[in-house]
Amino acid sequence: MKSVARPVKPKKNRFMLWSIYVLLAVIYIWALSGIPIEGFKETAGQITKAILSGILSPDWGYVYLPEGEDLLRGLLDTLAIAILGTFISAFLCIPFAFWAANNMTKGKIAAGTGKFILSFIRTFPELVMALLFIKVVGPGSFAGVLALGLHSIGMLGKLFSEEVENIDFGPIEALKATGASGLQTLWFAVVPQIIPGFISYTLYRFEINLRSASILGIIGAGGIGTPLIFAMQSRDWSRVGIILLGIIAMVTIVDIISGYLRKKVV
Amino acid sequence: MKRIESLNMNRLTKQEIPKAPTKIKHYLTAALIVLLIGWSAYQTESSFIDFVEGFPNMFDLLVQMYPPSWSYFDDIVPAMLDTFRMAVIGTTMGALLAVPFALLCASNIAASNWIYYPFRFILNLIRTIPELLLAAIFVAIFGLGPLPGIFALAVFSMGIIAKLTYEAMESIDKGPLEAMTAVGANKIQWIVYSVVPQVSPYFVSFVLYTFEINIRAAAILGLVGAGGIGEYYDKTLGFLEYDKVSTIIIFTLMVVLLIDYISTKLREKLL
């Protein structure tokens, strides 16, 4: 019988692979050993039941109260914070986007600096920004708006600059050949190419900001988070239930609308 | 003959200047946006004057933050390690939970839409709840400490990983699936030998990506009492110790940027 040549198993870099496994194992052992497991609170089961029953039998009366401070007004406030914050950041990030785009800025160092500033803004947690803005303009929705407006510049600026980097230079050359000024080139050759991407990313960021706006109230920066944290502290679970339902409903509806608009734009 | 010519002429003159498309729609959209922004500004009581008046405060704040208190580093290192731990365990738990969820959500694996539509719906509901809110709920259940933070991160990361993974599963090559069916594999063999090899690099990449998000999230979960470095913001801001606040912020930024860098490099290698 002829021996059939069996395919040889590809040689992998065994050493690398094993060192990764060992490293992972060490990380996990260290991480798990550091978690205090002093047992759950005895009331944990009870509270879970209370929360579930609260969510299943929400406090419908809270949806609208004539004297104010109700669910609808809280949700509208949250929506307003997200809209204004997104608008401010969409406006402010445009210069950053052109600064960070490789093809618009002369020299690699300038674009690199722009990119670094954007990633710095992106890493700065929005809640910490909100805490700082509360010190500046006092607690309330406006601090939340400013925090979202500043924090979103990081992500929007990055996405916009990538959009700017991907434009076609044909129209720009064509306009230059006809003797258009710098501003005219920008307006008639660059802007039409990037507008759909801009709108789509802004809407996407708006979806994220709506989620953020709903928790800003936990630290006192306006929106539905404030009544939610009060209801939690006073263990009013049926009110927590209705607020949670309200947030879920609002986020879902806005996601659907925004998703539809984004599909239409691009 | 003449009549036809004149008709043609007529049509030509009419066609000479094409009508510009109406811009009414654009104007209406712009008006709507301006209206929305105006309403938002009114609703949030935002005013430019407040901002300008508050601006010196911001400058004061920055001045007070300026020399960061470097000696404070020693105090917050354990909290930062805790944050890292929470992110590691939370992400892992989320990843493990995400596997069955993703399999049940993928339309080419869970064959009936009676299975994958309900699971996708649940997944979407989970993803609408922000992580800080989950943490606040878990703190109410389990009490203060890193444990509720871990659970919150686990649920939150399950939502992200399951969504990304089931979308990756739906775009895999059909060939191996059919081959496994043809040789009579049962459902588990079918998944292990035809789905897993195709999806696993993506899955690992998604887990790393979620880990990056979770480090950022874990750094603020302490604001609701769920452990980690976030607890120190309350402590220091309450006593107006802004030099310490800036130390915390700088430390967090360094850790996050470092982990982002490593994770991005790893993900580039994977895919």
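This passage walks through a predicted model, from the meeting of chains A and B to the nonpolar core and one helix pair.

The two chains meet through 43 residues of chain B and 45 residues of chain A. On the chain B side, quite a few helices pitch in: H2, H3, H4, H5, H6, H9, H10 and H11 each supply at least two of the residues that touch chain A. H6(B), spanning 131-142, gives the largest share, with seven residues. By type, this side of chain B splits into 30 nonpolar residues, nine polar and four charged.

Next comes the core. The largest nonpolar core holds 135 residues, and those touching the most other members are A:Ala130, A:Phe133, A:Ala147, B:Ala135, B:Ala136, B:Ala152 and B:Leu221. The top contributor is helix H3 of chain A, residues 71-100, which puts in 16 residues. As for B:Ala152, its contacts beyond four places in sequence are B:Glu131, B:Leu134, B:Ala135, B:Phe138, B:Leu221 and B:Ala226.

Chain A also carries an annotation: an unreviewed UniProt entry marks residues 75-258 as "domain: ABC transmembrane type-1". That span is 83% helix and 0% strand, and its end C-alpha atoms sit 17 Å apart.

Back in chain B, the axes of H4(B) and H9(B) come within 9 Å and cross at roughly 145 degrees, in a right-handed crossing. Residues from H4(B) in this contact include B:Gly90, B:Thr91 and B:Gly94, while H9(B) brings, among others, B:Phe211, B:Asn214 and B:Ala218. Taken together, the residues of this contact comprise 10 nonpolar, six polar and no charged.

Key. Residues numbered from 1 in each chain as written. Chains lettered and ligands numbered in written order. Predicted model: local features only at pLDDT ≥ 70, side-chain atom pairs only at ≥ 80, totals over all residues. Contact = placed C-beta atoms within 7 Å. Helix = DSSP H or I, 4+ residues; strand = E, 2+ residues; numbered from the N terminus. Nonpolar A, V, L, I, M, F, W, Y, C, P; charged D, E, K, R; others polar. UniProt positions renumbered as here; feature names shortened; annotations may be inferred. Core = buried A, V, L, I, M, F, W, Y, C linked by C-beta atoms within 7 Å. Buried ≥ 20, exposed ≤ 12 C-beta atoms within 10 Å, placed from the backbone. Axes fitted to C-alpha atoms, helices over the stretch in contact; angles between N-to-C directions. Left-handed = near helix turned anticlockwise from the far one by under 90°.
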